[in-house]
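Subject: The structure we talked about

Hello,

Here is the structure I promised to pass on. Please have a look at it first, and then read on for my notes.

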Amino acid sequence: MSIPLFDVNSQEPLFDAEQRRTLAEAALRSITASTAHARGDDFLRILVKDLAEALDVHYVIAGRLVRLDDGSEGIRTLALWGGDGYQPNIEYSLQHTPCQDVTCQSMCFHGSDIQRRFPFDSLLVDMRAESYVGMPLIDTDGKTLGILSAIDTRPIDENKRLLALLLLSIFSARGAAELQHQERTQQLEEIVRQRSESLLAAQANLIEQEQMAALGSLVAGVSHEVNTPIGVALTAASSMGSYADQLVQLLGGAKVSRAELIDIAESLKGAAALIERNLARAADLIGNFKQLAVDQVSEYVADLALHDYVHGLVSAHSPELRKAALGVELDIAPDCQVRLAAGKLSQILSNLLMNSARHGYPQGGPGRITIRARIEADGDEAATRWLLLEFSDDGIGLAPAVREHMFEPFFTTKRGQGGSGLGMHIVYTIVQQLGGQVCAIDSTPGCHIQIRLPLAA
């Protein structure tokens, strides 16, 4: 509650200088105590209210200096006390206003006739203002950040002016510190935002590179794997040429036995069958790899015969799996049909397979990986259908520290040994993108991961 310093009728001081100083100190202590634990806009809201009560004025404004749409300087209020309550914040131009003097870093005081002095300031008219005291908010670098002003519908005499200047000069420094803190916080947040975006972009780029590197590794393995059946086919084809030459020699001779013809025919038949089997094997390997490569760079939703699809994907990884002495067992019903993003599923399974091959068996195989899948649905008939995918191996399993961090980007137990730490993070990211969940991870023994993926209608 404010205490009047002057007699209403005579305008004579009610208290002498010592008493007024005591009242000023009491007002200062009161405002300091009420704003001590407030920060930012909360501090400014408490400040304008307490200043209005201490100075017994109708309005107190705390505002930030801003650049308006027309390029001119203006004030955007951060806290505005008017009459008996807080008023909505406003934005106004500094042209033709007493605030214009304040932004020049000088105190502004007009004890009366403020509307006559600034006839083009419509805001003063709306406020029915008669007097004005203002103080700039200046930061530690000497830059004007805003204003703190008191406006009344009655004249302000010299005695009240001294009190107003005392309180405004003290709390304008604190208000400037709050505005400067807000600015620096915003600058830091912007820096953090920009660097976070850069890190996310770099991470996305690394993930893409990791996926392409995985395909590159498969290319090397598949090319080596394809060389074997093609080499056998070439040898068989060469043998067929030799058998054909023998047949021509026999037919060109004076005498040909039936037994010799049958023997050469059997040899030709065997070589042809050998060529057919090995070329079919090479074509199967190339086809599986081609399907895997196409899937992993596309996001189309397709109907899949799940057993056959997963079998082909495992076949594409057979060179790496065979090198690690790992066998793969599929527990998927032959008639299981699902509709989902094939490329996303292939990326999930590829990373799980390679994770087991590279991390599950530090001393090498033999080992066994099991992939199970089944379809389940929520309670009612219209509920979402889910693919429940279970991946497990019989390797060394997961230590608690590894299980806790395994899906974090760049976490790897093979630091310095070629591990990027992105494989399992890619799995987790894809599952989240598809709206699924990683339901369970345990090590009893080996590694066991359970994933639920929603199926498209």
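Below is what I found, grouped by region.

Before anything else, please keep in mind that this is a predicted model.

**Helices H2 and H10**

Helix H2 covers residues 40-55, which is 16 residues, and spans 22 Å from its first C-alpha to its last, close to the 22 Å expected at 1.5 Å a residue. Its buried residues are Gly40, Phe43, Leu44, Leu47, Val48, Asp50, Leu51, Ala52 and Leu55. An α-helix has 3.6 residues a turn, so residues three or four places apart point the same way. You may like to keep that in mind when looking along H2 at buried residues such as Leu44, Leu47, Val48 and Leu51.

Helix H10 runs over residues 342-359. With 18 residues, H10 reaches 26 Å between its first and last C-alpha, close to the 26 Å expected at 1.5 Å a residue. How many of the 18 residues of H10 are buried? The count is 16, so H10 is largely enclosed by the rest of the structure.

**The loop at His317**

His317 sits in the loop between helix H8 (306-316) and helix H9 (318-323). Is His317 buried or exposed? With a relative accessible area of 1%, His317 is buried, because the cut-off for that class is under 20%. Its C-alpha is 7.9 Å from that of Ser350, although 33 residues separate the two along the chain.

**Salt bridges**

The structure has 15 salt bridges. Here are some that I looked at in detail.

Let me begin inside helix H6, where Arg174 and Glu178 are 4 residues apart, about one turn of the helix. They form a salt bridge, with 3.2 Å between the closest N and O atoms. Arg174 is partly exposed at 24% relative accessibility, whereas Glu178 is buried at 6%.

Next comes the salt bridge of Arg339 with Asp303, whose closest N and O atoms are 3.2 Å apart. Arg339 belongs to strand S10 (residues 337-341) and Asp303 to strand S8 (residues 301-305), so this pair ties together parts that are 36 residues apart in sequence. Arg339 is partly exposed, with a relative accessible area of 29%, while Asp303 counts as exposed at 56%.

Arg372 and Asp331 also form a salt bridge, and here the closest N and O atoms are 3.3 Å apart. Arg372 is in strand S11 (residues 367-377) and Asp331 in strand S9 (residues 326-331), so the pair ties together parts that are 41 residues apart in sequence. Arg372 is partly exposed at 34% relative accessible area, and Asp331 is partly exposed at 40%.

Finally, Asp56, Asp152 and Arg154 are joined into one network by salt bridges that share partners.

**Positive phi values**

Asp56 deserves a second look for its backbone. This residue follows H2 and is part of the loop between H2 and strand S1 (59-67). Its phi is positive, about 55°, although Asp56 is not a glycine. At 29% relative accessibility, Asp56 counts as partly exposed.

Arg128 is another residue other than glycine with a positive phi, near 55°. You will find Arg128 in the loop between helix H5 (122-127) and strand S6 (131-138). At 56% relative accessibility Arg128 counts as exposed, because that class begins over 50%.

**An internal cavity and a nonpolar patch**

Rolling a probe the size of a water molecule over the atoms shows where empty space is left. How many cavities of 30 Å³ or more does a search of the whole structure find? The search turns up 1, and the largest cavity has a volume of about 60 Å³. Which residues line the largest cavity? The lining consists of Ile61, Tyr92, Thr97, Pro98, Cys99, Asp121, Leu123, Leu124, Tyr132 and Ile151.

On the surface, Ile230, Leu234 and Leu279 make a nonpolar patch of about 270 Å². Ile230 is part of helix H6 (residues 158-252), the helix that also holds Arg174 and Glu178. Ile230 counts as partly exposed at 34% relative accessibility.

I hope these notes help you find your way around, and do write back with any questions.

Best wishes

Conventions
Residues numbered from 1 in each chain as written. Predicted model: local features only at pLDDT ≥ 70, side-chain atom pairs only at ≥ 80, totals over all residues. Heavy atoms only, no water. Patch = residues over 30% accessible without salt bridge, like charges linked within 9 Å, V, L, I, M, F, W, Y side chains within 5 Å. Areas by Shrake-Rupley, 256 points an atom, 1.4 Å probe, with all protein chains shown as cover. Salt bridge = Lys/Arg side-chain N within 4 Å of Asp/Glu carboxyl O. Helix = DSSP H or I, 4+ residues; strand = E, 2+ residues; numbered from the N terminus. Buried < 20%, exposed > 50% of the residue type's maximum accessible area, 1.4 Å probe, protein only. Expected span 1.5 Å × (residues − 1). 1 Å grid on protein atoms, 1.4 Å probe; cavity = no way out; pocket = protein on both sides within 12 Å on 5 of 7 lines; lining within 4 Å. Points joined across faces, edges and corners; volume = space filled by probe spheres on them.
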